[in-house]
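Me: Take a close look at the packed interior of this one for me, please. I'd like to hear which side chains meet there, and how the charged pairs around the chain are arranged.

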Amino acid sequence: MIASNRYTAATAALVARDPVIAALAAETGPITFDAPTESNYAALVRAITYQQLAGAAAHAIHGRLVALLDGDVVPERLAAFSPDELRAVGLSAAKAASMLDLTAKALDGSVPLDDDVLARLTDEEVVARRITVRGIGRWTSEVFLMIHLGRPDVLPGGDLGIRKGYGLAWRVPTPTEKQLLVLGEAYRPYRSVLSWYCWRAAELYGGSTASAVADSA
């Protein structure tokens, strides 16, 4: 894990603005995660693999999938495998179907993955394209925006860990998704920083395990 300089200025802005963020940053340090080394396609393949699984199990399955692809996680190679072959590495039938749907849409261009194209899309446009893929919902799309693309203003309101962390850190009842999104308006344009420190708060004050998002990014 390394400190991410993509969020240094954004963190400093919120630390100056909000004493709760300042306290969390002082206690847990800067935003850290592995610098992205994967392609956009490979990152989404990893995200699908990790959905609803403990980190160790997801890591093992993902490793077998990468081995099946001879280390080259590209749509042209994955498209050559059948659902049964993908299931043989440990993927569920639903995840195998999701990956093949992502692959087909990456190949036909309906889900853009080129960096230059993505740079021209707003956060909502990126999310809208990705949720057309079977098995990729808003949460996965928003985490992709925040961690892989480094977008600074993302708040996955449906994430229970973020909602719990907000309640614990700000000493209020756990907000609903709708309530958190309203509360998050005060943190624009740096809501990704708010999201990160809410995860940390859930760990510090609620006994949550380390975020699988950070571990798998």
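Reply: First, a bit of vocabulary: a residue is buried under 20% relative accessible area, exposed over 50% and partly exposed in between, using a 1.4 Å probe and protein chains only. This is a predicted model, so local features need pLDDT of at least 70 and side-chain atom pairs count only at pLDDT 80 or more, while totals for chains, interfaces and linings use all residues. Residues are numbered from 1 along each chain as its sequence is written, and side-chain values use heavy atoms, with hydrogens and water left out.

Now to the interior. A nonpolar core here is a set of buried Ala, Val, Leu, Ile, Met, Phe, Trp, Tyr and Cys residues joined through side-chain atoms within 4.5 Å. The largest one has 30 residues, and those touching the most other members are I21, Y166, W170, Y187, V193, L194 and Y197. Two or more residues each come from helix 1 (8-17), helix 2 (19-28), helix 9 (123-130), helix 10 (138-148), helix 11 (160-170) and helix 13 (191-206). The top contributor is helix 13, with 7 residues. For the element names, helices (H or I, at least four residues) and strands (E, at least two) are DSSP runs, numbered from the N terminus. As background, nonpolar side chains tend to be buried together in soluble globular proteins.

I21 is a handy place to stand. Not counting residues up to four places away in sequence, I21 touches L14, V15, W170, Y187, L194 and Y197; contact means heavy atoms within 4.5 Å. Another core lies apart from this one, with 24 residues, including L44, I61, L65 and A106.

Next door to I21 in sequence is A22, also in helix 2. A22 counts as partly exposed because its relative accessibility is 23%. The C-alpha atoms of A22 and A201 sit 12 Å apart, although 179 residues separate the two along the chain.

Over in helix 1 you'll find T11, which is buried because its relative accessible area is 12%. Its side chain reaches the backbone oxygen of Y7 at 2.8 Å. That is a polar contact: a pair of N or O atoms within 3.5 Å, where within protein one must be able to donate a hydrogen and the other to accept it, and residues adjacent in sequence count only if both atoms are side-chain atoms. Beyond its neighbours within four places in sequence, T11 is in contact with I31, V193 and Y197. I31 belongs to the loop between helix 2 and strand 2 (32-33) and counts as buried because its relative accessibility is 3%. The C-alpha atoms of I31 and Y7 are separated by 7.0 Å, with their positions 24 residues apart along the chain.

Helix 11 has two sides to its story. Its buried residues are I162, R163, G165, Y166, G167, A169 and W170, and they pack against helix 2, helix 12 (177-184) and helix 13. At the N-terminal end, D159 does the capping, with a side-chain oxygen 2.9 Å from the backbone nitrogen of G161. Just past the helix, R171 takes a positive phi of about 55°. L168 is in helix 11 too, but counts as partly exposed because its relative accessibility is 37%. Together with L204 and Y205, L168 makes a nonpolar surface patch of about 250 Å². Patches use residues with over 30% relative accessible area and no salt bridge, joining like charges within 9 Å and nonpolar side chains (Val, Leu, Ile, Met, Phe, Trp, Tyr) within 5 Å. The areas are Shrake-Rupley values with a 1.4 Å probe, and for residues only the protein chains shown count as cover.

On to the charges. A salt bridge is a side-chain nitrogen of Lys or Arg within 4 Å of a carboxyl oxygen of Asp or Glu, and the structure holds 11 of them. D153 pairs with R191, the closest N and O atoms being 3.0 Å apart. This pair links distant parts of the chain, 38 residues apart: D153 is in the loop between helix 10 and helix 11, and R191 is in helix 13. Both D153 and R191 are buried. The R188 and E185 side chains also meet, at 2.9 Å, N to O. R188 is partly exposed because its relative accessibility is 37%, and E185 is partly exposed because its value is 42%. D153, E185, R188 and R191 are linked in a network of salt bridges.
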